[in-house]
Amino acid sequence: MSSSSSSLSSEKVRASHILIKHEGSRRKASWKDPEGRVISATTREAAAARLKGLREDIVSGRARFDEIASQISDCSSAKRGGDLGSFGRGQMQKPFEEATFALKVGEISDVVDTDSGVHIILRTG
């Protein structure tokens, strides 16, 4: 039996996401709203509704995920078109992890809630 660590490592996924923070987010500031003024004035419902609209645009082909992420996402991954790279279980907040692992490559999640805000997730690998 080989004792290589790869046999022990769990499955990895790669994903991109778009995060919209809101008044209930753990940290109410982001690269595009350093003071948190917009975030603090955004309800969870408004953030989720905005994400649903963006998801429609992406799924219908009217917009590209990476372009929307780079303009809209409150995560610093916006600079990379929302790309979070690869990760295994236990590295992300549980709802985010579960949603990502449940997607097939190329699929986009529905709105996912975490302590950070609301997300849509594109599984890329």
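1. Two strands count as paired once DSSP finds at least two bridges between them. With that in hand, look at E3 and E4 in this predicted model: they run antiparallel, joined over three bridges. In one of those pairings, Asp113 has Val118 of E4 as its bridge partner. The two strands make a hairpin, with two residues between them.

2. E4 (117-123) also has a partner in E1 (12-20). That pairing is antiparallel too, over six bridges. On this side, Ala15 sits opposite Arg123 of E4.

3. How many of the seven residues of E4 are buried? Seven of the seven are, so the strand is largely enclosed by the rest of the structure.

4. Over in E1, have a look at Ser16. Its relative accessible area is 7%, and because buried means under 20%, Ser16 qualifies. Leaving out residues up to four places away in sequence, Ser16 touches Ile120, Ile121 and Leu122, among others. The list also includes Phe65, Gly81, Gly82, Asp83, Leu84 and Thr124.

5. Now for helix H4, which spans residues 94-102. Its buried residues are Phe96, Glu97, Ala99, Thr100 and Phe101, so there is a Glu in that set alongside two Phe. What covers them? The cover includes strands E1, E2 (83-88), E3 (112-114) and E4. So the strands from points 1 and 2 turn up again here, as part of what lies over the buried residues of H4.

Conventions: Residues numbered from 1 in each chain as written. Predicted model: local features only at pLDDT ≥ 70, side-chain atom pairs only at ≥ 80, totals over all residues. Heavy atoms only, no water. Buried < 20%, exposed > 50% of the residue type's maximum accessible area, 1.4 Å probe, protein only. Helix = DSSP H or I, 4+ residues; strand = E, 2+ residues; numbered from the N terminus. Contact = heavy atoms within 4.5 Å.
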